[in-house]
Amino acid sequence: MDVAAIVQLIEQHLADRAVFIGGVAVECYVPYRTTHDIDVVTRERDFPTLKAALLRASFSHRETHLAKHTFKSPAVGEVDAYTSRIGDVPVDEDLMRRARKLVYAKVPVSVASLEDLLRLKLSAGREMDLTDVAVLLHARRNEVSVTLAERLVGRDVLRMHAPRVSDLLPQEYGWQARRALKAWLIDVGWLVPRRKGPSAP
Amino acid sequence: MHRGGDPNSFEVPEGVARAHPRVVALRRAHVGVPEGHRHGVDPSTTVEGVLPEGPTQLPKVKPRDRSPGDPEEVRVAGGGDLAAPLDATFLAMLILLNIMLDLRNRRRNLALSQADLSAASGISRTSLSLIENGLQVPSADTREALERVLNPFAEPVFLQCGRRVAEATDAVQAVAARKDLPYAVTLDVAAWVLTKYQTPATVWVYVRPLAAWRRALRAKGASPPEDGERANLVLLRAPDDVLSDSQVTQGLCLVSMSRLVEDSARMGGRHGLDAARVFVEFPESRRPGMRIDGHAMLKVLEEAAPWT
């Protein structure tokens with residue numbers, strides 16, 4: 001059983017009641033690099049269904065201190081399920097409602113909206129997450145609702161991370177892509193253009 | 001004497017500045033220190049000091065007892081025990097020696113003659129010879145031009161070969177087998193082959209000679225990516241030690257594990273996870289002084305930890 005098979009299993013049991021975040025969601029928007037762990041959000045009332053499905057598929061379960069449920073299987077990998085909050089971000093009905101139906105390994109799945117993904121990734125703030133943000137914005141920036149992103153994330157947070165995000169677009173995208181991303185970030189007001197200092201007399 | 005605000009720099013005392021009128025500010029104190037690399041001087045330390053430019057004639061300094069306020073001394077801040085008074089001339093000599101040896105070693109490591117380096121960097125052969133022999137201090141522009149040639153990651157060749165990573169990898173193997181050209185795969189694919197942890201997106205490969213590889217791959221259908229498109233194959237000029245330390249794993253020639261960790265850590269972003277995973281999984285990859293992203297290490301350790 002691989003990641004695709006586990007995603008399919010969750011989708012079969014919960015359909016739209018499970019919303020994928022993390023690597024699976026990023027992969028749905030833009031194929032890049034992902035690890036083998038799966039992050040999924042469900043409502044508290046749907047969690048027993050998810051748990052039963054994963055236990056039947058030989059996963060073992062543990063609730064961690066991070067308000068997440070971890071399912072591990074030595075042969076398969078890891079599934080992290082969130083029902084109340086994801087780090088600092090609360091799991092609410094709006095997140096579930098905004099989810100989009102996209103295709104992962106030929107299976108239609110519910111994934112978090114671009115704006116919610118930005119919020120989750122920026123809230124984590126690790127270099128790998130900011131790289132994902134850069135890749136997402138490079139490929140899908142025309143689909144991002146700037147107003148919604150600012151409401152969810154906060155303009156200050158966006159402005160704080162924007163300089164690193166534009167620098168973290170992977171090198172293989174080329175300098176033109178990096179420049180275009182910077183220009184867009186400046187355009188939406190998340191990146192302040194660097195002023196040249198006064199020229200020497 | 002410390003300059004206010006920046007603990008990693010020191011101010012040139014007046015007396016020294018008078019003795020050496022040509023004051024050179026050096027950032028990243030020697031030629032070709034790539035961002036995040038550790039050859040000799042720690043590049044995170046900014047050194048600004050006095051350095052004789054042009055043919056070096058270092059004044060003789062009479063040893064004597066000195067007090068910290070002595071104008072003929074400089075103090076490098078932020079160095080713990082190293083913050084002892086250093087003689088400016090001695091420091092200048094060290095920097096010059098570092099530049100000289102580093103340039104020569106790195107050039108030879110890439111199997112470049114002075115003529116090759118001169119042609120590729122646009123720096124005259126005479127200047128190169130003077131720098132390598134410690135008779136001239138390169139300007140910032142010269143150092144930048146040399147770095148573009150000597151750092152394998154400074155000017156990579158981006159290509160698209162098919163749509164998927166597997167196709168690009170096959171093309172590399174086919175060219176190597178047919179033309180008998182050396183190569184060593186690093187970053188995404190090398191980490192994937194060893195750990196199966198993070199899916200690869202791009203084939204990064206050290207090759208030699210770069211021009212022959214480019215020609216051969218173009219003949220196999222590889223082409224520069226369109227604007228904004230991601231390259232799935234990147235060629236890097238291979239230094240000697242990368243090729244000599246390479247190892248064949250699952251039919252692919254990979255860089256050594258320690259090189260893989262260093263390359264991945266230095267590239268940052270998602271490569272940091274590869275660095276952490278290889279570091280944790282393969283003890284033989286570990287070398288003193290490696291720096292790995294803490295968040296990446298935490299994630300890898302958390303996933304690798306057994307249930308308790």
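Two strands are taken as paired where DSSP finds at least two bridges between them. The structure described here is a predicted model. On that criterion, strand E4 (residues 68-73) of chain A is paired with E5(A) in the antiparallel sense, through six bridges. Within this pair, A:Lys68 has A:Tyr82 of E5(A) as its bridge partner. The connection from E4(A) to E5(A) is a hairpin of three residues.

Strand E5 (residues 77-82) of chain A also pairs with strand E2 (residues 38-42) of chain A; these two strands run parallel and are joined by four bridges. Here A:Ile38 is bridged to A:Val79 of E5(A). E5(A) thus has an antiparallel partner in E4(A) and a parallel partner in E2(A).

A further antiparallel pair in chain A is formed by strand E8 (residues 100-104) and strand E9 (residues 107-111), with five bridges between them. A:Tyr104 is placed opposite A:Val107 of E9(A). The hairpin of E8(A) and E9(A) has two residues between the strands, and in it A:Ala105 adopts a positive phi near 45°.

Chain A also contains a packed helix pair, made up of helix H1 (residues 3-14) and helix H3 (residues 47-56). Their axes are 10 Å apart, and the packing angle is about 140°. Angles over 145 degrees would count as roughly antiparallel; H1(A) and H3(A) are therefore oblique to each other. The crossing of H1(A) past H3(A) is right-handed. H1(A) contributes A:Leu9, A:Ile10, A:His13 and A:Leu14 to the contact, and H3(A) contributes A:Thr49, A:Leu50 and A:Ala53. By class, the residues of this contact comprise five nonpolar and two polar, with no charged residue.

At the level of domains, chain A is divided into domain 1, spanning 1-112, and domain 2, spanning 113-191. The C-alpha centres of the two domains of chain A are separated by 23 Å. Contact between them involves 15 residues of domain 1 and 13 residues of domain 2 of chain A. On the domain 1 side, helix H2 (22-29) and helix H4 (93-98) of chain A each provide at least two residues. H2(A) gives the most to that side, namely three residues. The side of domain 1 of chain A that touches domain 2 of chain A consists of 11 nonpolar residues, one polar residue and three charged residues.

Two helix pairs were examined in chain B. In the pair formed by helix H3 (residues 114-121) and helix H5 (residues 140-150) of chain B, the axes come within 9 Å and cross at roughly 110°. This angle makes H3(B) roughly perpendicular to H5(B). The two helices, H3(B) and H5(B), cross in the right-handed sense. From H3(B), the contact draws on B:Leu117, B:Ala120 and B:Ser121, and from H5(B) on B:Ala145, B:Leu146, B:Arg148 and B:Val149. The contact of H3(B) with H5(B) has five nonpolar residues, one polar and one charged.

The other pair comprises H11(B) and H12(B), whose axes lie 8 Å apart at a packing angle of about 50°. H11(B) and H12(B) are therefore oblique to each other, and H11(B) passes H12(B) in a right-handed crossing. On the H11(B) side, the contact residues are B:Gly272, B:Leu273, B:Ala275, B:Ala276, B:Arg277 and B:Val280. These meet B:Ala296, B:Met297, B:Lys299, B:Val300, B:Leu301 and B:Ala304 of H12(B). Nine residues of this contact are nonpolar, one is polar and two are charged.

Helices H11(B) and H12(B) reappear at the interface between the chains. Across this interface, 24 residues of chain B are in contact with 21 residues of chain A. Helix H11 (271-281) and helix H12 (294-304) of chain B are the elements that give two or more residues to the chain B side. H12(B) gives the most to the side of chain B that touches chain A, with three residues. The chain B side is made up of 10 nonpolar, eight polar and six charged residues.

Conventions. Residues numbered from 1 in each chain as written. Chains lettered and ligands numbered in written order. Predicted model: local features only at pLDDT ≥ 70, side-chain atom pairs only at ≥ 80, totals over all residues. Domains from an automatic or database assignment. Contact = placed C-beta atoms within 7 Å. Nonpolar A, V, L, I, M, F, W, Y, C, P; charged D, E, K, R; others polar. Axes fitted to C-alpha atoms, helices over the stretch in contact; angles between N-to-C directions. Parallel < 35°, antiparallel > 145°, perpendicular 65-115°, else oblique. Left-handed = near helix turned anticlockwise from the far one by under 90°.
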